[in-house]
Amino acid sequence: MKIAFLGPHASFTQLATAQLFPDDEIVPQASILDCFDAVENGEVVKAVVPLENSIEGTVSMTLDYLYKTPSIKIEAEAVMPIAHHLMIHPENSIENIERIYSHPQALAQSFHFLDTHYKEIPKQDFSSTAAAAKFVSENPETPIAAVANQYAANLYGLKIVNRNIQDFEQNHTRFIIISKEQNQYQNDQLETLGEKSGMLITLPEDHPGGLHQVLSVFAWRKMNLSKIESRTLKTGLGNYFFFINVEGPWKEVLHENALKELESINANVDFLGNYKEFLLES
């Protein structure tokens with residue numbers, strides 16, 4: 001079975017994917033959109049993409065593509081501790097570094113360290129932490145550095161000059177498994193953190209109390225919402241859809257009646273699935 005992931009090799013998403021699918025063929029993709037397209041077009045059966053970081057928040061691109069591709073559902077969530085390291089080519093010296101590359105979220109998660117110790121050195125966004133490490137390894141004549149993980153340093157032969165530079169110890173990233181099937185991923189080898197349902201909701205129209213009307217569907221049923229986040233529909237100011245997580249296992253009567261009530265008030269609901277959340281190793 002082919003599984004896509006946000007690459008290249010040695011990205012944090014690959015580390016998550018390798019733990020979730022240790023016996024399957026995993027295929028790197030250049031972007032989150034490419035991961036969605038690979039699933040949508042049948043090039044792969046599933047894909048693993050980042051959804052949220054405990055420091056920088058939701059990966060908005062993932063939410064946007066979940067909304068734009070309603071045929072794609074969520075099979076599982078997986079949480080992994082994140083450790084960032086500053087690395088250079090072994091032929092270079094940190095004192096001569098002229099630029100630091102990494103994924104924008106990794107740079108943001110290490111902002112205070114980099115601002116304190118390398119304030120005058122420009123930082124530049126890259127498509128992923130692993131791609132930044134690969135770029136540094138392929139350009140030994142250029143005095144540059146990358147923020148990436150230990151596996152990337154090992155894979156590309158880079159020297160780590162500063163370890164664990166993330167600004168907060170409790171730095172975790174949440175990944176999701178996406179597919180065109182509404183299945184629930186199972187793995188007895190991983191610790192299960194919980195279970196939830198995910199859905200995207202668009203309000204019927206912009207009117208006072210519209211969001212309250214939607215939330216009351218869950219409130220009077222005592223269904224706990226562990227996450228609610230708005231994203232712009234990009235159709236004009238004030239137009240949003242909402243990503244909602246409902247905690248707990250699927251209860252047929254309770255959940256189905258809630259979905260029917262949402263439809264009765266003309267809310268557009270894309271049910272993403274009921275799925276488990278797993279804990280991964282760093």
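**Exercise 1.** Does lysine 119 count as buried or exposed, and what is its relative accessibility?

*Solution.* The model is a predicted one, and the answer is read from its computed accessibility. Step one is to recall the cut-off, since a residue is called exposed when its relative accessible area is over 50% and buried when that area is under 20%. Step two is to look at the residue itself: lysine 119 has 53% relative accessibility and therefore counts as exposed. Step three is to turn to its partner, for the side chain of lysine 119 forms a salt bridge with that of aspartate 115, at 3.1 Å from N to O. Aspartate 115, with a relative accessible area of 28%, is partly exposed.

**Exercise 2.** Find the salt bridge between lysine 196 and glutamate 77, and work out which parts of the chain this pair ties together.

*Solution.* Begin with the contact, in which the side chains of lysine 196 and glutamate 77 meet in a salt bridge of 2.9 Å, taken from N to O. Next, place each residue: lysine 196 belongs to strand 12 (residues 191-202) and glutamate 77 to strand 5 (residues 73-81), so the pair joins parts that lie 119 residues apart in sequence. Finally, check the surroundings, where lysine 196 counts as buried at 8% relative accessibility, and glutamate 77 likewise counts as buried, at 1%.

**Exercise 3.** Describe the salt bridge between glutamate 52 and arginine 174, and then set this pair among the salt bridges of the structure.

*Solution.* The side chains of glutamate 52 and arginine 174 meet at 3.1 Å, N to O, in a salt bridge. This pair links distant parts of the chain, 122 residues apart, with glutamate 52 in strand 3 (residues 46-53) and arginine 174 in strand 11 (residues 172-179). The structure holds 13 salt bridges in total. Where salt bridges share partners, they join Glu52, Glu77, Arg174, Lys196, Lys227, Glu229 and Glu277 into one network.

**Exercise 4.** Decide how the overall size of the protein compares with the globule rule for 282 residues.

*Solution.* Start from the secondary structure, which comes to nine helices and 15 strands. The radius of gyration is 21 Å, close to the 19 Å that the globule rule gives for 282 residues, so the protein is as compact as a globular protein of that length. Two further values complete the picture: buried residues make up 51% of the 282 residues, and, among contacts with a separation of 6 or more, 76% are between residues 24 or more positions apart.

Key
Residues numbered from 1 in each chain as written. Predicted model: local features only at pLDDT ≥ 70, side-chain atom pairs only at ≥ 80, totals over all residues. Heavy atoms only, no water. Salt bridge = Lys/Arg side-chain N within 4 Å of Asp/Glu carboxyl O. Helix = DSSP H or I, 4+ residues; strand = E, 2+ residues; numbered from the N terminus. Buried < 20%, exposed > 50% of the residue type's maximum accessible area, 1.4 Å probe, protein only. Rg over C-alpha atoms; globule rule 2.2 N^0.38 Å. Contact = heavy atoms within 4.5 Å.
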